[in-house]
Amino acid sequence: MKRRLKIKIILPILFLMIMPTMILSILFLNSMQKKSYENAVQNIENSLDIISVAVSETDGKLYLKQLLLSYLSSLKDYDVIVYEGDRVVYENADALDLNIREIDYNYIENRRYEVKKRTYDSLDISVYIVIDKRKLFYDVLIINKPYLILILISIIISLNAILFLTENFSKPITILLEGYNNIISGNFQSDINIKRKDELGLLGQAFNEMKNQISIRTNKFLQMKRFNEDILRNISTGIITTDISGKIKNYNNAASDIIERVMGLDEKKPRIIKVLMTQINETINRTEEINRIEDFYKNDTKESVYLDITTSLMKNSSGKYIGVICSFNDITKRKNIEESVERINRLTSLGQLTAALAHEIRNPLSGIKMSAQILNKRLSQHLSTSEKNLFKVIIREIERLDSLITDLLNFAKPRIPKLQIVDVADILKKALHFSEKKMREKQIVVDVKYKIDDIKAYFDKGQLSQIFLNIISNALNAVEDGGILKITVDSPRDREDKFILVIFEDNGCGIKKEDINKIFDPFFTTRESGTGLGLSVVHKLITSNNGEIDVKTRENLGTTVEIYLPKHREEYK
């Protein structure tokens, strides 16, 4: 770069300083050559005129001929050729590059030689004097040699002066360019040093100040950039930015993780990409912010993911739309919590109503049962067998209603749990034992796995047994003959120090999507003989023992029930 810079500086200066000298020198030499040529022509013409006068004034042919040749021999500076008829009688042209025999007949003038001719008819003599222009030029050079040497010396001096000035001028510029390259490459540590007191020195100082300001602002910008990148990298919200045509420009790690997790639900048809791009393009077309909640689920599993997706237009400092920013959050946990809160509120209201109704119904039922038993006892001798059976049916149905009312009261106001340290494996084993008859009848395969050693929970023992019995019973009712029930005891990944996770997974009929939010409601059942209180009571008992329950299901594929039991800790002893 330094060499190119010098060339760019030297060439124009050389042209401006040397070319005028060269042009003036050429014009001077040309003028001198022209003047020498004119003098030569004038001298030749004068000499020939003198010879003509002498010939006209002198008698005697022989004497005139000798006089002519004598005078021509004195013209030593020119090449002379004399013809007498067709014969050359005098020749002083040894240096000529010409065929002297052709001069008298067919000579054609060229750029180098010019021939002056004079004929003397009285003597039958023709005189040819040749002017050698090249020789004239060389003579001019010799005559003006001191001037030419002076011009050459002045050019050399000028060239050295130009080189010196160029070096003196280009060095600061080279230093500035090196400083510029350092800034471009991100090196702000080295200051440039131009040891001059003129404008270039001031320019170097200004350059260093500018570099320092750029360094400060660049560092601030990089800090802000890294801060923003850290925010985008660590924020749990997925961020995608596009240009105004909808082409994706950037995205953060959270966006990639959420999209990969949702795409894993259905790898053959990754609906999330279509949903996001559709909402982005809709925002571009409508030029307004759009917020939607989308549900993504996998057909062959019970897992669902809820995303809260917001798209809005981005503007630059001038207010022009430059793209779209799409932010989306995984709100699956929030959605589940909202559903749980809604379910609890609904169950609380239903529980209060149910408790009041149960008390109002149980009181007359007790009187009806007692009256039926008394009548059956007093009239047994007078009743037929069919009439006796009718009394038995009445009493049995009253007992069934009383059992139902008991369940209602347990749901509405279960007894206060008696929390204690319980062995989950022992209670689960007993619950399976009580359900063994039904498992044998339907030939159901039960697979129990314990993935942790410490399975001590802090729970009401009787209520935990009731919970397991209800869930196992529902699973056995849901599966076909020869079905599978998998039970896994494990630790939840995000709360392993607080809960024991018990998972009941069957491959039964599953639950319809529109019914999933109703399964904990009292009296909701899909079975003809069911009361619809089993899961309601289970939910009530689990929450009263500080536990949690979650149900995932797909119709015709099966249901998974996850129960979170409070883990036994030392402070409970």
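Helices and strands here are DSSP runs, numbered from the N terminus. One thing to keep in mind before you start: this is a predicted model.

## Exercise 1: Warm up with the whole chain

Find out how many helices and strands the chain has, and what share of its residues is buried.

**Solution.** Start with the count of elements: there are 14 helices and 16 strands. Next, take burial. Of the 573 residues in the chain, 36% are buried. Then look at the surface, which comes to about 35,800 Å², with 54% of it belonging to carbon and sulfur atoms. Last, check how far along the sequence the contacts reach: among those between residues at least 6 apart, 62% join residues at least 24 apart.

## Exercise 2: Lay out a five-stranded sheet

Work out the strand order of the open five-stranded sheet, and say which strands sit at its edges.

**Solution.** Step one is the order, which reads S6-S5-S9-S8-S7, with antiparallel pairing. Step two is the edges: strand S6 (248-251) and strand S7 (290-297) each pair on one side only. Step three is the twist, and neighbouring strands of this sheet are turned by 25° against each other on average, ignoring direction.

Now go pair by pair. S5 and S6 run antiparallel and are joined by three bridges, with Thr242 standing opposite Ile248 in S6. The hairpin of these two strands has four residues between them, and there Gly246 takes a positive phi near 95°. Further along the sheet, S8 and strand S9 (residues 321-330) share nine antiparallel bridges. One anchor to look for is Met314, whose bridge partner in S9 is Gly323.

Finally, add the helix. H8 (residues 271-286) lies across S5, S6, S7, S8 and S9, and runs at about 170° to S7.

## Exercise 3: Place Leu313

Decide whether Leu313 is buried or exposed, and list what it touches beyond its sequence neighbours.

**Solution.** First, locate it: Leu313 belongs to strand S8 (residues 304-315). Second, check the area. Leu313 has a relative accessible area of 17%, so it is buried; the cut-off is under 20%. Third, collect the contacts. Leaving out neighbours within four places, Leu313 is in contact with Ile244, Thr283, Ile284, Thr287, Glu288, Tyr321, Gly323 and Val324. For a distance to try on screen, take Leu313 and Gly323: they are 10 residues apart in sequence, with their C-alpha atoms 5.9 Å apart.

## Exercise 4: Take apart the largest core

Find which elements build the largest nonpolar core, and which one gives the most.

**Solution.** Begin with the core itself, which has 39 residues; Ile467, Phe468, Phe504, Ile563 and Leu565 have the most contacts inside it. Then go through the suppliers. At least two residues each come from H11 (424-434), S12 (456-460), H13 (461-478), S13 (484-490), S14 (499-506), H14 (534-544), S15 and S16 (558-566). Of these, H13 gives the most, with seven residues.

Zoom in on Phe504 next. Not counting residues up to four places away, Phe504 touches Leu428, Phe468, Ile471, Ile472, Lys486, Ile487, Thr559, Thr560, Val561 and Ile563. Apart from this core lies another one of 21 residues, among them Ile51, Val55, Leu75 and Val80.

## Exercise 5: Strand S15 and the loops

Work out what the side chain of Thr553 contacts, and compare the burial of Ser491, Asn546 and Asn556.

**Solution.** Thr553 is in strand S15 (residues 548-554) and counts as buried because its relative accessibility is 6%. Its side chain has a polar atom 3.1 Å from the backbone oxygen of Gly558. There is also a polar contact of 3.0 Å between the side chains of Thr553 and Thr559.

Now the loops. Ser491 is in the loop between S13 and S14, and at 18% relative accessibility this serine counts as buried. Beyond residues up to four places away, Ser491 touches Ile452, Glu496 and Leu501.

The two asparagines come next. Asn546 is in the loop between H14 and S15 and is exposed, at 51%. Asn556 is in the loop between S15 and S16 and is exposed too, at 60%.

To finish, check the backbone. Most residues other than glycine have a negative phi. Asn546, however, has a positive phi near 65°, and Asn556 has a positive phi near 70°.

Note on methods. Residues are numbered from 1 along each chain as its sequence is written. This is a predicted model: local features need pLDDT of at least 70, side-chain atom pairs count only at pLDDT 80 or more; totals for chains, interfaces and linings use all residues. Side-chain values use heavy atoms; hydrogens and water are left out. Buried means under 20% relative accessible area, exposed over 50%, partly exposed in between (1.4 Å probe, protein chains only). A polar contact is a pair of N or O atoms within 3.5 Å; within protein, one must be able to donate a hydrogen and the other to accept it, and residues adjacent in sequence count only if both atoms are side-chain atoms. Contact means heavy atoms within 4.5 Å. Accessible areas come from the Shrake-Rupley method with a 1.4 Å probe; for residues, only the protein chains shown count as cover. Two strands pair if DSSP finds at least two bridges between them. Axes are lines fitted to C-alpha atoms, for helices over the stretch in contact, and angles run from 0 to 180 degrees between N-to-C directions. A nonpolar core is a set of buried Ala, Val, Leu, Ile, Met, Phe, Trp, Tyr and Cys residues joined through side-chain atoms within 4.5 Å.
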